Amino acid sequence: MEHFPERLKKKLQERKAINALRNLTSIEGKIDFCSNDYLGFARSTELSSRVSQYLKEHKIIANGSSGSRLLSGNSGLYENTEQMLSEYYHSEGALIFNSGYDANLGFFGSVPQKGDLILYDELSHASIRDGIGISNAKAYKFKHNNLDDLQNLLDRFQVEDSAPGEPVVYVVTESVFSMDGDSPDLKNMTALCQQYGAYLVVDEAHAVGVFGESGAGLLESMGLHDAVFARIVTFGKALGAHGAAVLGSKILMQYLVNFARSFIYTTALPPHSLVTIREAHNHLRKSTGKEQQDLLSEHIAFFRSRIRELGFREAFVESNSAIQSCILSDNKIVKQAARSIQDKGFDVRPILAPTVPAGKERIRLILHSFNNKKEIDAVLKLLFALWIKT
Ligand SMILES: Cc1ncc(COP(=O)(O)O)c(C=O)c1O
């Protein structure tokens, strides 16, 4: 840190002072209650051998895509994969981005125009907020999952004598929130957006693989996938792969190909990633995928019943998803708690402010199909013993 700007040094010191300095850690050999590999696909040898087999059978030997999709990076494999995705998610179109972060950056950075409005949930993921940050539209947040607050904003910004559809109002939410694991009332939210002519955009990163017919997400499980303007699905979580797609109309895809900078100005995904996306969806559709999905649901139900029985349900955010957060408050306490549970052989991580609001620091437990009830029970007992002391 010798030749390093003073102001930046100070920022690091400030982080340290509030116990929020981030460090890269790699914890190996412990029971996984931390990764987004909800269904165990990232560690599936069956899936990885299917990918190798596909590459071999189709004589795909390229290591990289060699360019942006608008130049040399496009391929039949890309287009077939997008076709598969639009069928899988029952969407008119699908456009692959290199990650969920890129998809949100590209979407929100290019779709809402100057003069438009973006109304977004206050707990929206950083990738949504960063996309909004580079958009020229005005943005206002509504209280987390609070439809009354959203309606107040829709009322406040309704422009009486503007041309129909101008300005455009975009409403943004997640079907499963990444830090809390909870979900908005999507049925009433879609109805509200229809009533006000607003365009609803839903990030399904943590719902894919967990909810819905063939794991196609929460909106589809509720029959609401056609009621939204766009969905963002990611493949680095339950699908155990990498990459993401925006789902929506064909004209939206055409627009993004022309204007989404995180789509245009980057090297396209390598063939291996595309084949993994393909095969992970095949795996999910098959009975082995369904079995994992059912096991995960069983574990979520077991977890919820155990926190009730142990008597500390109130410490947890209400959630029916794989993400279960125990609020402990205070960075120092959460860090110590995580360390002590890790020492007993479980990979759990502290989630600190400023990633979550101060006072909402937490241990976020992620459940998987491959965890077993004994492990869930054991980690909960450890957490309970720490919580009772706070
Ligand atoms: C809600 C949400 N959207 C988008 C992303 C980014 O996805 P990716 O990891 O594919 O960049 C995440 C990642 O954690 C997320 O939680």
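**View 1. The two faces of strand β5**. In this predicted model, local features need pLDDT of at least 70, side-chain atom pairs count only at pLDDT 80 or more, and totals for chains, interfaces and linings use all residues. Residues are numbered from 1 along each chain as its sequence is written. From β5, Val169, Val171 and Thr173 point one way, while Tyr170, Val172 and Glu174 point the other way. All of them are buried (20 or more other C-beta atoms, placed from the backbone, within 10 Å of the residue's own). With 6 of its 6 residues buried, β5 (residues 169-174) is therefore largely enclosed by the rest of the structure. Strands are DSSP runs of E of at least two residues, and helices are runs of H or I of at least four, numbered from the N terminus.

**View 2. The strands that pair with β5**. Two strands pair if DSSP finds at least two bridges between them. Strand β3 (residues 117-121) pairs with β5 in the parallel sense over 4 bridges, and tyrosine 120 has valine 172 as its bridge partner. Strand β6 (residues 199-203) and β5 also pair in the parallel sense, over 5 bridges; here the partner of valine 172 is valine 201.

**View 3. Helices α6 and α7**. The axes (lines fitted to C-alpha atoms over the stretch in contact) of α6 (residues 147-156) and α7 (residues 186-196) come within 11 Å. They cross at roughly 10°, on a scale from 0 to 180 degrees between N-to-C directions. The two helices are therefore roughly parallel (angle under 35 degrees). Leu147, Leu150, Gln151 and Leu154 in α6 meet Asn188, Met189, Leu192 and Tyr196 in α7 (contact: C-beta atoms, placed from the backbone, within 7 Å).

Definitions and conventions: A residue is buried if 20 or more other C-beta atoms lie within 10 Å of its own, exposed if 12 or fewer, and partly exposed in between; C-beta atoms are placed from the backbone. Angles under 35 degrees count as roughly parallel, over 145 as roughly antiparallel, 65 to 115 as roughly perpendicular and the rest as oblique. Two residues are in contact if their C-beta atoms, placed from the backbone, lie within 7 Å.
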